[in-house]
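Reader: I am new to this structure and would be grateful for a guided reading. Please begin with the terms that I shall need.

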Amino acid sequence: MHWVGDGFPVRSMFSYADGPELSPFLLLDYAAPSHFPPAEQPRGVGPHPHRGFETVTVVFAGEVAHRDSAGNGGTIGPGDVQWMTAASGIVHEEFHGEAFTKRGGEMEMVQLWVNLPSRAKMSPPRYQDLRDAMIPRVALAEDAGVVRVIAGSFQGSKGPAHTETPVELWDVALQPNGELRVDLPATNTKIVLVRRGELRIDGAHTVAQNELVRMPVGAGALSLRATGNGASFVVMAGEPIAEPVVGHGPFVMNTREEIETAVRDYQAGRMGSL
Ligand code: MN
């Protein structure tokens, strides 16, 4: 566990430094539930840049406020998602929301970094403010649970997120012994983060709370079944981007030269400022 600024105690579940196996995903930080006492000054992380990918923030508890050099901003709360496409470059800050700071409480969120293909890495930045009410909820048969479709589609319900390459992002809650059948292209990367409870994959593998599992390459249909206490988890899947990944901290490009350019552009203020 480490802190992002003074606001987000996260576990880095994976990072692009580990290798290309999880493409199109680059990094996943999980801030498991933690309690913050009331405070005067919002905690968080001050202005910093990103280039070449997207940051996707999903809030489960608490409030996250964002402001960026493209002029976008907003405060998101439980159930809301912020899909920020840094692309050619952005400077932003991420703090606890004002109201949450004053009253204190529980914070739980994830931040997922989604890579962009080379053709989109230098596109203008974009910001998608995806509120809970915009995100379809699919009730599973036999009262097995609910799937919130943030990106991609499930049983005909399409998520509101616009993605550059095919990406699925589902927030799932299963009742005790409830089952979710996942049927996605065999070539897709498929990973699951368990936030609560415990999951059995194809009746063979158990995944515990706070664990991340990657489905084997080539797996098509999968059974995810909650054990006796139910389970809440995040399903992330996508078509791998078969391009070189060269990263340096908050910049992820295709070549070393592009990274050097990113560092220079940031230092020269070409990614903007707050
Ligand atoms: Mn950031």
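Author: A salt bridge is counted where a side-chain nitrogen of Lys or Arg lies within 4 Å of a carboxyl oxygen of Asp or Glu. The model is a predicted one, in which local features need pLDDT of at least 70 and side-chain atom pairs count only at pLDDT 80 or more, whereas totals for chains, interfaces and linings use all residues. Residues are numbered from 1 along each chain as its sequence is written, and side-chain values use heavy atoms, with hydrogens and water left out.

Reader: How many salt bridges does the count come to by this rule?

Author: Side chains of opposite charge can pair when their charged atoms come close. Under the rule just stated, the number of salt bridges is 16.

Reader: What is the N to O distance in the salt bridge of R148 and D171?

Author: The two residues meet through their side chains, and the N to O distance is 2.7 Å. The pair links distant parts of the chain, since R148 belongs to strand β13 (residues 145-151) and D171 to strand β16, 23 residues apart; strands are DSSP runs of E of at least two residues, numbered from the N terminus. To give the requested value once more, the distance is 2.7 Å.

Reader: Is R148 buried or exposed?

Author: The classes rest on relative accessible area, found with a 1.4 Å probe on protein chains only: buried is under 20%, exposed is over 50%, and partly exposed lies in between. D171, the partner of R148 in the salt bridge, has 10% and is buried. R148 has 7% relative accessibility, so the class of R148 is buried.

Reader: Which residues are linked with R148 and D171 in a network of salt bridges?

Author: The bridge between R148 and D171 is part of a network of salt bridges. Besides these two residues, the network holds E108, D132, R137, R195 and R196.

Reader: Which residue meets R67 in a salt bridge, and in which strand is that residue found?

Author: The side chain of R67 meets that of E93, with 3.1 Å from N to O. This pair also links distant parts of the chain, for R67 lies in strand β6 (residues 64-68) and its partner in strand β9 (residues 90-96), 26 residues apart. R67 is partly exposed at 42% relative accessible area, whereas the partner is buried at 15%. The residue and strand are therefore E93 and β9.

Reader: Which residues are the protein donors of the manganese ion?

Author: Donors are N, O and S atoms within 2.8 Å of the metal (3.2 Å for Na, K and Ca), and sites may look incomplete because water is not among the atoms. In this model the donor atoms lie 2.1 to 2.5 Å from the manganese ion, and the donor residues are spaced H-x1-H-x41-H-x1-E in sequence. Three histidines donate through NE2 and one glutamate through OE: H48, H50, H92 and E94.

Reader: Are the donors H50 and E94 buried or exposed?

Author: H50 and E94 are both donors of the manganese ion. They link distant parts of the chain, H50 standing in strand β4 and E94 in strand β9, 44 residues apart. H50 has a relative accessible area of 3% and E94 one of 9%, so the class of each is buried.

Reader: How many bridges join β3 to β10?

Author: Two strands are taken to pair if DSSP finds at least two bridges between them. β10 is mostly covered, with 10 of its 11 residues buried, and it pairs with strand β5 (residues 53-61) in the antiparallel sense over eight bridges; within β10, V110 stands opposite V58. β3 and β10 also run antiparallel, with V114 of β10 as the bridge partner of F25. The number of bridges that join β3 to β10 is nine.

Reader: What is the omega of the peptide bond from S23 to P24?

Author: P24 is placed in the loop between β2 and β3. The bond from S23 to P24 is cis, with omega near 15°.

Reader: What is the phi of D143?

Author: D143 is found in the loop between β12 (137-139) and β13, and its relative accessible area of 63% makes it exposed. Q155, also exposed at 60%, lies in the loop between β14 and β15 (157-158) and has a positive phi near 45° without being a glycine. D143 is likewise not a glycine, and its phi is positive, at about 55°.

Terms used. Helices (H or I, at least four residues) and strands (E, at least two) are DSSP runs, numbered from the N terminus.
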